[in-house]
Protein chains: 2
Amino acid sequence: MFKAIATRESTTDIPRHPELPIRDDRPSGSMATALAGERAMAQCTHCPQRHHACVASCVDDHSLPRLTTVVQTWRSVRRGEYLFRAGDAFQNVYAVRSGSFKTVVMQWNGRDHVTGFHHAGETIGLDGICTNHHPSDAVALEDSTVCVIPFHALEALCREVRSLQQYVHRLFSAEIVRESGMMVMLADMSAEQRLASFLLNFASRMQSHGYSGTDLRLRMTRAEIGSYLGMTLETVSRTFSRLQQDRLISVKGKQVTLTDKDRLDRL
Amino acid sequence: MFKAIATRESTTDIPRHPELPIRDDRPSGSMATALAGERAMAQCTHCPQRHHACVASCVDDHSLPRLTTVVQTWRSVRRGEYLFRAGDAFQNVYAVRSGSFKTVVMQWNGRDHVTGFHHAGETIGLDGICTNHHPSDAVALEDSTVCVIPFHALEALCREVRSLQQYVHRLFSAEIVRESGMMVMLADMSAEQRLASFLLNFASRMQSHGYSGTDLRLRMTRAEIGSYLGMTLETVSRTFSRLQQDRLISVKGKQVTLTDKDRLDRL
DNA sequence: CGATCTGTTGACACTGCTCAATAGGAGTGG
DNA sequence: CCACTCCTATTGAGCAGTGTCAACAGATCG
């Protein structure tokens with residue numbers, strides 16, 4: 001079924017193992033500096049996200065060994081399983097190595113609300129700090145792996161490595177800005193505009209990880225997209241259909257191709 | 001006009017000067033530890049927010065003098081004036097000493113969106129860190145004063161004072177959680193529920209600062225509330241009227257009394 | 001005291017929600 | 001491999017909640 005509109009690059013469907021770089025075409029001069037042997041170090045020095053978007057990306061080679069004493073373990077989480085649950089004691093933040101997650105809060109009426117989708121290189125769990133408990137569930141949308149980062153250890157290292165401290169502060173700040181953007185979107189944009197924004201944002205994040213920026217494989221359901229965007233799953237489905245009819249995208253279930261990004265952006 | 005429903009306590013209308021505690025009935029044993037003489041120290045040790053909700057609240061008396069080397073100045077901002085503008089280079093974060101602010105981002109269509117209201121003890125500007133530029137305008141809703149906190153100096157002190165570092169991290173995290181809550185509200189709640197939540201939240205923040213938790217003086221316009229809550233000013237106005245008709249609140253312009261918080265909460 | 005900003009209310013249109021029926025895919029076990 | 005079930009997605013019909021446009025009244029300020 002999906003073959004009809006299979007992506008030119010089939011990378012999206014390669015089963016990924018954390019030991020392997022997600023793609024091979026990333027800048028690789030970096031690997032030259034990797035020191036083999038020491039196991040803990042290998043975790044960050046060999047990480048596909050090393051020079052990309054992880055806490056490791058801000059640490060110079062001199063301090064990297066110290067980071068690897070903080071980030072000693074990673075976890076793999078099967079599709080549908082919880083990375084953590086709302087109410088769990090906050091201990092760690094998590095950097096997504098591979099795969100993707102959704103974060104979900106339960107609201108007053110007992111229904112769920114998806115507050116975010118998180119892909120490789122992104123950090124989950126920062127919202128647990130202020131109460132010492134995670135306010136949300138984090139659920140894997142596909143088989144995924146994360147680095148486990150004990151937050152107290154990260155804080156300690158931040159007191160010593162200024163570049164890491166600044167990185168963490170920017171991480172916090174970026175999440176605040178992201179959520180502000182969501183607020184604007186939810187408050188002022190039509191269903192069509194919200195879905196278009198969502199798709200463009202998703203595509204650009206995929207592209208920045210070396211995937212196609214036009215052929216997307218959505219890992220989440222219409223209901224999850226709707227929850228995230230503040231609309232019902234029916235409206236999501238209808239809006240997909242309308243955008244397809246207008247030849248801005250082409251949809252086959254979870255496989256979406258953005259055929260006219262400019263017009264999507266101008267909606 | 002406002003006399004008709006004047007608040008039992010008239011504190012809301014006292015013109016406030018930054019040198020004076022906003023109210024006199026706050027816990028005051030604290031003042032005993034204040035050291036007179038040194039000007040810089042006096043700023044934090046004598047601050048009305050000292051034991052309340054500012055960066056100072058987490059620092060023990062031993063480290064307080066060092067904080068005062070970071071927070072050396074404050075600024076007063078008249079109603080309608082800008083604390084900073086979108087695009088300004090990010091240098092400082094600001095702790096509100098007295099008064100209140102709104103933060104406003106400009107959106108794609110050229111219209112404004114209010115992303116937050118900020119009262120005494122709250123911190124403004126954290127969103128500027130990740131890009132080194134403020135993404136939003138901050139405008140005083142009334143004559144206000146803020147402590148100017150040079151962020152690089154704060155970062156430096158955070159590397160030395162662990163309690164301060166943790167406080168700052170909690171501050172970031174709390175802002176993320178606040179915005180998640182807004183997202184849920186905007187995505188899933190009716191206009192009536194949003195306005196009720198807004199009023200209850202506003203009341204509880206006022207109450208935690210020693211003001212009445214039922215008699216509110218809103219400093220913002222209907223349009224600003226509407227922008228914040230994702231509805232038009234007309235809907236805000238109509239919803240105020242409806243809640244009044246249902247005897248949950250009583251409204252006279254910007255003066256609002258919450259007459260039945262329980263039912264407001266259960267909407 | 002007039003000019004301007006702010007708030008209230010009405011009429012009407014329209015977006016998006018609810019309820020409902022149906023079809024398509026994915027996973028499971030015989 | 002097929003039959004069965006469950007989950008997901010699509011589409012339609014009708015309606016409710018909000019937005020839009022407009023008129024007017026009440027505050028506020030120089």
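1. A good place to start is B:Leu199, which touches B:Ile249, B:Val256, B:Leu258 and B:Leu264, leaving aside residues up to four places away in sequence. Here, contact means that the C-beta atoms of two residues, placed from the backbone, lie within 7 Å.

2. Some reading notes: this is a predicted model, in which local features need pLDDT of at least 70, side-chain atom pairs count only at pLDDT 80 or more, and totals for chains, interfaces and linings use all residues. Residues are numbered from 1 along each chain as its sequence is written, while chains are lettered from A and ligands numbered from 1 in the order in which they are written.

3. B:Leu199 turns up again in the largest nonpolar core, which has 133 residues; A:Leu83, A:Tyr94, A:Leu199, B:Leu83, B:Tyr94 and B:Leu199 have the most contacts inside it. Such a core is a set of buried Ala, Val, Leu, Ile, Met, Phe, Trp, Tyr and Cys residues joined through C-beta atoms within 7 Å. Buried means 20 or more other C-beta atoms within 10 Å of the residue's own, exposed means 12 or fewer, and partly exposed lies in between, with C-beta atoms placed from the backbone.

4. Now to how the chains meet: the contact takes 30 residues from chain A and 31 residues from chain B. On the chain B side, β5 (112–118) and α4 (162–188) each supply at least two residues, and α4(B) gives the most, with 19 residues. Helices (H or I, at least four residues) and strands (E, at least two) are DSSP runs numbered from the N terminus.

5. The symmetry is neat to follow. Chain B superposes on chain A by a rotation of 180° with 0.0 Å of shift along the axis (RMSD 0.0 Å), and the two copies are therefore related as by a two-fold rotation axis. The superposition is by least squares on C-alpha atoms of residues with pLDDT of at least 70 in both copies. Of the residues of chain B, B:Arg159 comes closest to the axis, at 2.0 Å (C-alpha).

6. Turning to DNA strand D, 20 residues surround it, the closest being A:Thr221, A:Ser237, A:Ser241, B:Ser190 and B:Thr235. A residue counts as near when its C-beta atom, placed from the backbone, lies within 6 Å of the strand. The largest share of this surface, 6 residues, comes from α7(A).

7. Finally, look at helix α6 (residues 222–229) of chain B, where 6 of the 8 residues are buried. These buried residues pack against β4 (101–106), β5, α5 (191–208) and α7 of chain B. Just after α6(B), B:Gly230 takes a positive phi of about 70°.
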